[in-house]
Amino acid sequence: MIFDYDSELGIMYNPKDGMRNVSFRQDTFLTMMRTIYQEIGPEKGSEVFFKCGYDCGRNFGMLLNNQWKKERIQLHDKITRWCEFDSQVGWGKFISNIDLDEDNGTLSGNLCIRDCFFVDIDGHNEVCAYIKGYCTGVMNKLLSNDIQLTCTRENCPMKNTFKSECTFKVAFKGEE
């Protein structure tokens with residue numbers, strides 16, 4: 001377990017940085033997001049969730065970069081370590097099939113999230129724009145570049161309930 005619990009204060013926190021964390025049931029969190037999404041409409045809802053996720057992802061990417069500054073980690077390893085961390089916090093299993101060629105300045109491949117926490121199959125709302133924004137923000141900060149994620153829809157649980165994996169094509173912006 002990566003979090004500690006202080007029973008006297010009733011708080012959960014990350015021992016590496018001392019930051020407080022909170023645990024939600026998935027249905028509670030999705031109900032909150034679904035309500036916001038429905039109140040502001042699908043187009044605005046997706047835009048707001050993406051921006052919110054993006055800002056949160058950039059913030060977390062900056063935190064990771066600061067933690068790893070002294071280790072001089074290679075760019076590809078940053079992505080791997082980020083995926084390992086976020087796979088341990090209940091959002092789903094992050095799988096990176098990304099090819100980063102620093103010599104040629106190219107980036108290609110897929111980022112997959114198996115059993116993604118943000119999929120709202122019951123409400124049929126695409127609140128998953130949050131996780132797309134989050135991953136884009138983290139990767140932009142870790143790679144110091146303008147990254148674009150595109151939902152491939154081939155494994156999208158919102159489109160095919162027999163699937164359980166969100167898959168995003170990853171590329172530098174403008175290279176799709």
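What share of the contacts in the chain with a separation of 6 or more is accounted for by residues 24 or more positions apart? In this predicted model, such pairs account for 58% of those contacts. The contacts in question therefore join heavy atoms within 4.5 Å of each other, and the 58% share describes pairs separated by 24 or more positions along the sequence.

The chain contains 4 helices and 7 strands. Read along the sequence, these elements follow the pattern β-β-β-α-α-α-β-β-α-β-β. The radius of gyration of the chain is 17 Å, which agrees with the value near 16 Å that a compact globule of 176 residues would have. Along the principal axes, the C-alpha atoms fill a box of roughly 45 × 45 × 30 Å. Of the 176 residues, 39% are buried. The accessible surface of the chain amounts to about 10,400 Å², and carbon and sulfur atoms contribute 48% of this area.

Two pockets were examined. The largest pocket has a volume of about 1,300 Å³, whereas the second largest pocket holds about 210 Å³ of space. The lining of the largest pocket comprises 35 residues, and those nearest its centre are Phe3, Asn21, Phe85, Val89 and Trp91. At least two lining residues come from each of strand 3 (20-21), helix 2 (42-68), helix 3 (75-86) and helix 4 (129-143). Helix 2 makes the greatest contribution to the lining of the largest pocket, supplying 8 residues. By residue class, this lining divides into 22 nonpolar, 7 polar and 6 charged residues.

The second largest pocket is lined by 16 residues, with Glu126, Cys128, Ala129, Lys132 and Arg153 lying nearest its centre. Helix 2, helix 4 and strand 7 (165-172) each provide at least two residues of this lining. Here strand 7 gives the most, with 4 residues. The lining of the second largest pocket consists of 10 nonpolar, 2 polar and 4 charged residues. Helix 2 and helix 4 thus appear among the elements that supply at least two residues to the lining of the largest pocket and among those that do so for the second largest pocket.

Two individual residues, both on helices, were considered in further detail. Glu39 lies in helix 1 (residues 26-40). With a relative accessibility of 67%, Glu39 counts as exposed, because the threshold for exposure is over 50%. The C-alpha atom of Glu39 is separated by 16 Å from that of Tyr130, a residue 91 positions away along the chain.

Asn65 is placed in helix 2, the element that gives the most residues to the lining of the largest pocket. The relative accessible area of Asn65 is 17%, so this residue is buried under the criterion of less than 20%. When residues up to four places away in sequence are not counted, Asn65 touches Lys78, Lys141 and Leu142. Of these partners, Lys78 falls within the range of helix 3 (75-86), while Lys141 and Leu142 fall within that of helix 4 (129-143). Asn65 and Ser164 are 99 residues apart along the chain, and their C-alpha atoms are separated by 30 Å.

Key
Residues are numbered from 1 along each chain as its sequence is written. This is a predicted model: local features need pLDDT of at least 70, side-chain atom pairs count only at pLDDT 80 or more; totals for chains, interfaces and linings use all residues. Side-chain values use heavy atoms; hydrogens and water are left out. On a 1 Å grid over the protein atoms alone, a cavity is a set of points where a 1.4 Å probe fits but cannot get out, and a pocket is an open set with protein on both sides within 12 Å along at least five of seven lines; lining residues have an atom within 4 Å of a point. Grid points are joined across faces, edges and corners, and a volume is the space filled by probe spheres set on the points. Ala, Val, Leu, Ile, Met, Phe, Trp, Tyr, Cys and Pro count as nonpolar, Asp, Glu, Lys and Arg as charged, and the others, Gly among them, as polar. The radius of gyration is taken over C-alpha atoms; the globule rule is 2.2 Å times the number of residues to the power 0.38. Buried means under 20% relative accessible area, exposed over 50%, partly exposed in between (1.4 Å probe, protein chains only). Accessible areas come from the Shrake-Rupley method with a 1.4 Å probe; for residues, only the protein chains shown count as cover.
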